[in-house]
Structures are given as C-alpha cells and as structure tokens.
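Good morning, colleagues. I shall ask you to keep the sequence and the structure in view while I speak.

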Amino acid sequence: DLSDGSRLTTLLSTIRPDEVYHLAAQSHVRVSFDEPEHTGDVTGLATTRLLEAIRLVSPESKFYQASSSEMFGATPPPQNEETPFYPRSPYGAAKLYSYWMTRNYREAYGIFACNGILFNHESPRRGETFVTKKITKAAARISQGKQETLTLGNLDAKRDWGHAKDYIEGMYLILQQEKPEDFVLATGITTTIRDFVKMSFAELGIELGFRGKDEAEEGYVVKNTGEYKLEEGTVVVKVDPKYYRPTEVDLLIGDPTKAMTQLGWKPKFDLAALVKEMVASDVSLFKKELYIKQSGI
Ligand code: G4F
C-alpha cells in the first residue's frame, strides 16, 4: 500500500533489495482529472515515501522512478532530457513532483536514483481503458460481429508508441550504469489515434475511412475482406466528447538519442509489429472467451 510509509519502510528493511523499480501509480490520465487528490497521493507523494524508506533502511538499493512523457505535456517536440516540462493533467503534475524528488534524493543523499522518462509503451497486457487496448479489443470483436461500434475521444492526438518489452529492457539498463542519470525512452515516431485505429482494423482485413469533424466524425468500412460479413459503409467508429480531457497533450515525439548512445538501447519492435501482436492476442482471447461461453465450461 503506497499510502502506508511505515509499511514500505518495514518491507525495504526486510527485503533490502538490490534494485527497486517504482512503477506503481494511479496511471490513467483521464481518471486523474476526476481524482486529482488521490492521484497526487499515490502517483506523487508515494515516491517520497519509498525514497525515504530507502534513505532510512536500505540506502544501497538502486531506485528506478517511472517518469512519464506526460510531464512534457504542452512543450513542443522533439522531447529529450533537456526539454522543459509543462504537464497538462493532475497525473502529469504528480509525476513531475516524483521526478524532482528522485533527483533530489540523488543529489542530497547520494542515492542511486534514476528517472526513466518513458513515452507510451504498450503490449497485449495493457489495461482496457487505455486507448490502444480499447481499440485492438474492439476491432477484434467488431471483426467477428460481436460488437457494433467503438466509441473514442480525441482522434487527432498523436503519441509516440513503443512496445513495453523494449522499454522494460531500457529500465534495466538505466540501473546498470556506473553513475545514476535520467534517460528518455521513445521511438521518435508519432502517430494519430485515428491511424492506430486504421492499422488495427487493417490487420483484420477491414479498410476504414473517416468522414466528418470533431464530435460528428465517424469511421466506416470502405472494404472488408475479413472473416465476418461487414457491409461497406457500415459505421464502426464514433466519437463521444465524454472521453475528451479538460486539457489534452496533443503531440508527443521523444528523442531517445542519449539512451541509444549511452545505454546501447534500441527498440526491436516497430508500431506495425506492436499492432499485429495486440490484435492477434485480442482475437485469440475473444475466441477462447466464446468457446468457454458456448461449451459452458
Ligand atoms: O492511452 P491513453 O489513455 O494514454 P496517455 O494519456 O497517453 O498516457 C499513457 O502513457 C503515458 C506515457 O507513458 C503514461 F505515463 C500514462 O500512465 C499512460 O500509460 O491516451 C492516449 C491518447 C490521449 O490523447 C487520449 O485523449 O488517446 C486519446 N484518446 C482518444 N480516445 C483516448 C480515447 N484515450 C483513452 N484512454 N480512451 C479513449 O476512448
């Protein structure tokens, strides 16, 4: 429980870990607008509780802080370790507090504490309320005729998406350096939400077109060579402003030059491979689910 500092201290003093990867958070940006105080506590202050526990009972532990590209927010790209921060959500602000506390414990107490400033990283394990998984899951169901539409928010936002497997390797490399430092992990390539939707449906043999603007925008079937008969012209994507954020991060493009040169980090997956894997996983999960339902197991 990240709100319980004494428990964290007890755990750290019992385990005395070589490395601590602090990935826990209230990590949904939209939810942080509804729960700003809870987000500040769990995503912000909890980092200080962990750092204090390390300082008091396990100062040899190396500490990795999951900092986020959301800290850049409205600052124009490309974003790297020298880019000024301008968070656009309670989540981004809480992460920025954690970023500075990590640096402060490094500078004040000599703790081996590092920030990995990670751009969006996805995989089939992504939670269903994040946009990539929401899209791939819906595409799988729509392609089988088991869901009619996918309803999204802002289709124009652009994200620098990578594969979580590559980013986990980067986190590990950050803690294996001689000196504690901060690193950006990103692919350097940005894509709109709309294009991620198109790529996901294309994996299933469904070509989508988009028409209309803002709330009236919709995605429709241009051509379908997939398994299930979905008529041309059928609307499968709609927009609902309830998914808009009070302040949006419009454009993220990371510059991972430092990680590439200093850590030798290089992502193995590109976006096409990521989309393929996520869609295939959702199709197979969905088929298993159907089988269980039909066979009554
Ligand atoms: O998938 P998202 O919710 O991720 P977001 O906000 O970029 O944050 C994720 O990545 C950060 C960087 O690694 C992490 F720090 C953070 O914890 C989280 O993992 O939204 C991506 C974009 C946004 O612009 C959003 O407005 O997709 C847009 N979007 C459009 N429709 C939607 C939807 N996002 C969600 N979650 N749901 C929608 O229906």
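A network of salt bridges links E70, R159 and E248. I should say at once that what you see is a predicted model, and everything that follows should be heard with that in mind. The network does not stand alone, for the count of salt bridges comes to 20. Side chains of opposite charge can pair when their charged atoms come close. Let me take three individual pairs in turn.

The first pair is R106 with D182, whose closest N and O atoms are 2.8 Å apart. R106 belongs to helix α4, residues 90–109, while D182 sits in the loop between α6 (164–175) and β8 (183–185); the salt bridge therefore ties together parts that are 76 residues apart in sequence. Are these two partners buried or exposed? R106 has a relative accessible area of 14%, and because burial is set at under 20%, R106 is buried. D182 is buried as well, with a value of 7%.

The second pair joins D156 and R194, again through a salt bridge between side chains, at 2.7 Å from N to O. Here D156 lies in the loop between β5 and β6 (158–159) and R194 in helix α7, so parts 38 residues apart in sequence are tied together. The surroundings of the two residues are as follows. D156 is partly exposed, at a relative accessible area of 47%, whereas R194 counts as buried at 15%.

The third pair is K133 with D282. Their side chains meet in a salt bridge of 2.7 Å, N to O. This pair links distant parts of the chain, since D282 is in helix α9 and K133 in helix α5, 149 residues apart. Both partners are buried: D282 has 4% relative accessibility, and K133 has 3%. What else does K133 touch, leaving aside residues up to four places away in sequence? Besides D282, the residues in contact with K133 are P124, R126, G127, E128, M278 and L285.

I turn now from charged pairs to the nonpolar interior. In soluble globular proteins, nonpolar side chains tend to be buried together. In this model the largest nonpolar core has 29 residues, and those with the most contacts inside it are L150, L152, V197, F201, L208, V236 and V237. Which elements each supply at least two residues of this core? They are α5 (131–143), β5 (150–152), α7 (193–202), β10 (206–211), β12 (235–239) and α9 (271–295). Of these, α9 gives the most, with six residues. Apart from this core lies another, of 15 residues, including A46, L50, L51 and F63.

V197 offers a useful view of the largest core. Not counting residues up to four places away in sequence, V197 touches I135, L152, L208, F210 and V237.

Next, the sheet. Four strands form an open sheet in the order β5-β12-β11-β10, with mixed pairing. Why is one side of β5 and of β10 left without a neighbour in the sheet? These strands stand at the edges, and each has a single partner strand, so nothing in the sheet adjoins the other side. From one strand to the next, the twist averages 25°.

Within the sheet, β11, residues 218–224, pairs with β12 in the antiparallel sense over three bridges. If you wish to locate that pairing on the screen, take G219, whose bridge partner in β12 is V237. V237 is also among the residues with the most contacts inside the largest core.

Two helices meet the sheet. Helix α5 lies across β5, β10 and β12, and runs at about 160° to β5. Helix α7 packs on the sheet and touches β5, β10 and β12, its direction making about 155° with that of β10. These helices also bring us back to the charged pairs, with K133 in α5 and R194 in α7.

I close with a residue from another loop. G264 lies between α8 (257–263) and α9, and counts as exposed at 55% relative accessibility. How far apart in space are G264 and P76? Their C-alpha atoms are 26 Å apart, and the two residues are separated by 188 residues in sequence.

Technical notes
Residues numbered from 1 in each chain as written. Predicted model: local features only at pLDDT ≥ 70, side-chain atom pairs only at ≥ 80, totals over all residues. Heavy atoms only, no water. Core = buried A, V, L, I, M, F, W, Y, C linked by side-chain atoms within 4.5 Å. Buried < 20%, exposed > 50% of the residue type's maximum accessible area, 1.4 Å probe, protein only. Contact = heavy atoms within 4.5 Å. Pairing = 2+ DSSP bridges. Axes fitted to C-alpha atoms, helices over the stretch in contact; angles between N-to-C directions. Salt bridge = Lys/Arg side-chain N within 4 Å of Asp/Glu carboxyl O.
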